[in-house]
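The questions below ask how certain labels were reached. Each answer sets a value against its cut-off.

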Amino acid sequence: MGKTLFQKVWESHSVATLSNGQTQLLIDTHLIHEVTSPQAFGMLRDLGLKVAYPQRTFATVDHIVPTDQREEPFSDSLADAMIKELNRNAKEFGVTYFDLRSGKQGIVHVVGPEQGITQPGTTIACGDSHTATHGAFGAIAFGIGTTQVRDILATQTMALSPMKVRRINVDGELRPGVYSKDVILHIIRLLGAGGGKGYAYEYGGSIFDGFTMEERMTVCNMSIEGGARAGYVNPDEKTFEYLKGRPYSPKGEEWDKAVAAWRAVASDADAVYDDVVNIRAEDVPPTVTWGVSPDQAIAVNEQVPTVESGTNPEQRISIQEALEYMKLEGGAPIKGTKIDVAFVGSCTNGRLSDFREVARFLKGKKVAGHVKAIAVPGSQIVDVLARQEGIDQVFTEAGFEWRGAGCSMCLAMNPDKLVGDQLCASSSNRNFKGRQGSPTGRTILMSPLMVAAAAVTGEVADAREVFSLSA
Ligand code: SF4
């Protein structure tokens, strides 16, 4: 009987079965950033330990780093302290560090693939929930907490419970104006925010075969929002082409050997899955969230659900709470909801292709007068490449602020925050209460082009209408 990629990687990285039933798993690559690593390094120091395999750990600054003021010392004293701490730890423990002066700094999930650090058949861990992004390359990648960061620094292993594998096929053809972000929002809407609990998601079908690596990353990124701890796409020629020539990709003979191994790690044709879900690509609409969980999502031309539409008391309560928090009326169209802020960025949609696609339509348009719009490249490399193509200029001429690389308004640990109950049209991945920096701030998740449509109209809008795309 064939095996899934997940099973193959799990088995080849399994060090021991622990008495509690968990597996001690070898972690090939550990990605760290300024926010979840300081305590872990502190614990190592307290225990008198070194980083076991420093060459397997890569650091960058992204979560708290300011996107406007890029020179140290930062006026935000917490950011300044955390970044100084990472500088110190990276130096003392000998780990590779893509700092602000490196030209390679950026969101950890953008930097890993960009540098060729993310490779098929490997295990990757990072103290950020959206580590599944790296699954786009056929890696098994997990978000972890600070104590696990410590464990991996000290032992290069971590304890994990085994998972089932759900294959999600999306076949057919996406309609114009429908993007990979819509695909994952649609999947989460169908299966629920907790639907993937206990599963790793394997994404496949003609849509994933046709997707670029960046589109695959967008989908894998949000696996955790559907409850799955990991999500991946089997490696193929596109994966190899993307990785070829990257700084940390294998070279020469090693490259050929690596590609052979990467091909072999893909799921077998006769692999057996614990569950299979089939989705028609034609059924995926431009999708937006209306509530405070990523599965509270609807097509942009649908109405916000009413409390009565909940199928059980629990659901009715959660709809009511979400409507109250979002200040939306059940039964009203989501289209036309006034926005205050527009954000294009994050590890979900802060890559070059995202900015390129928006620029194609934004050229010559203006952001509505009442909207604050910011565009935040996912890395310094994305920033440079976008500038080379004049993309930054298209954004700034339209009225966006073009910032330095970082997480920015995805979680607003830096000064890029919502104020009061401002509503943000956001290309990021989480719409939880208070996620964007204000305890009453509101987030509507959508694709980057839909953010642009909202920015220019000043309200939630259908990008197909705003930019004359035929539906
Ligand atoms: S952009 Fe958001 S989800 Fe991505 S690494 Fe930063 S904080 Fe985490």
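Q: How many disulfides does the structure hold?
A: This is a predicted model, and it holds zero disulfides. A disulfide requires a pair of cysteine sulfur atoms within 2.5 Å. For Cys220, the nearest cysteine sulfur is that of Cys347, 12 Å away, and Cys220 is in no disulfide.

Q: What makes Cys220 count as buried?
A: Buried means under 20% relative accessible area. Cys220 has 0% relative accessibility, so it counts as buried.

Q: Is Cys347 buried or exposed?
A: The relative accessible area of Cys347 is 5%, and the limit for buried is under 20%. Cys347 is therefore buried.

Q: How do you know that the span of helix H6 agrees with what is expected?
A: H6 covers residues 180-191, which is twelve residues. The expected span is 1.5 Å times one less than the number of residues, which gives 16 Å for H6. The end C-alpha atoms of H6 are 17 Å apart, so the two values agree.

Q: Why is H6 called largely enclosed by the rest of the structure?
A: Nine of its twelve residues are buried, and the description follows from that count. The buried residues are Ser180, Lys181, Asp182, Val183, Ile184, Leu185, His186, Ile187 and Ile188.

Q: Which residue takes a positive phi just after H6?
A: Gly192 does, with a phi of about 90°.

Q: Why is helix H2 called oblique to helix H3?
A: The axes of H2 (residues 38-47) and H3 (residues 77-93) come within 10 Å and cross at roughly 45°. Angles under 35 degrees count as roughly parallel and 65 to 115 as roughly perpendicular. The crossing angle falls in neither range, so H2 is oblique to H3.

Q: Which residues make the contact between H2 and H3, and what is the handedness of the crossing?
A: H2 contributes Pro38, Phe41, Leu44 and Arg45, while H3 contributes Glu85, Arg88, Asn89, Glu92 and Phe93. The crossing is left-handed.

Q: What makes Ala228 count as buried?
A: Ala228 lies in the loop between helix H8 (213-221) and strand S11 (230-233). Its relative accessibility is 0%, so Ala228 counts as buried, the limit being under 20%.

Q: Which residues does Ala228 touch, not counting residues up to four places away in sequence?
A: Ala228 touches Gly196, Tyr199, Tyr201 and Ser223. Tyr201 is 27 residues from Ala228 along the chain, and their C-alpha atoms are separated by 6.4 Å.

Technical notes:
Residues are numbered from 1 along each chain as its sequence is written. This is a predicted model: local features need pLDDT of at least 70, side-chain atom pairs count only at pLDDT 80 or more; totals for chains, interfaces and linings use all residues. Side-chain values use heavy atoms; hydrogens and water are left out. Buried means under 20% relative accessible area, exposed over 50%, partly exposed in between (1.4 Å probe, protein chains only). Helices (H or I, at least four residues) and strands (E, at least two) are DSSP runs, numbered from the N terminus. Axes are lines fitted to C-alpha atoms, for helices over the stretch in contact, and angles run from 0 to 180 degrees between N-to-C directions. Angles under 35 degrees count as roughly parallel, over 145 as roughly antiparallel, 65 to 115 as roughly perpendicular and the rest as oblique. A crossing is left-handed if the near helix is turned anticlockwise from the far one by less than a right angle, and right-handed if clockwise. Contact means heavy atoms within 4.5 Å.
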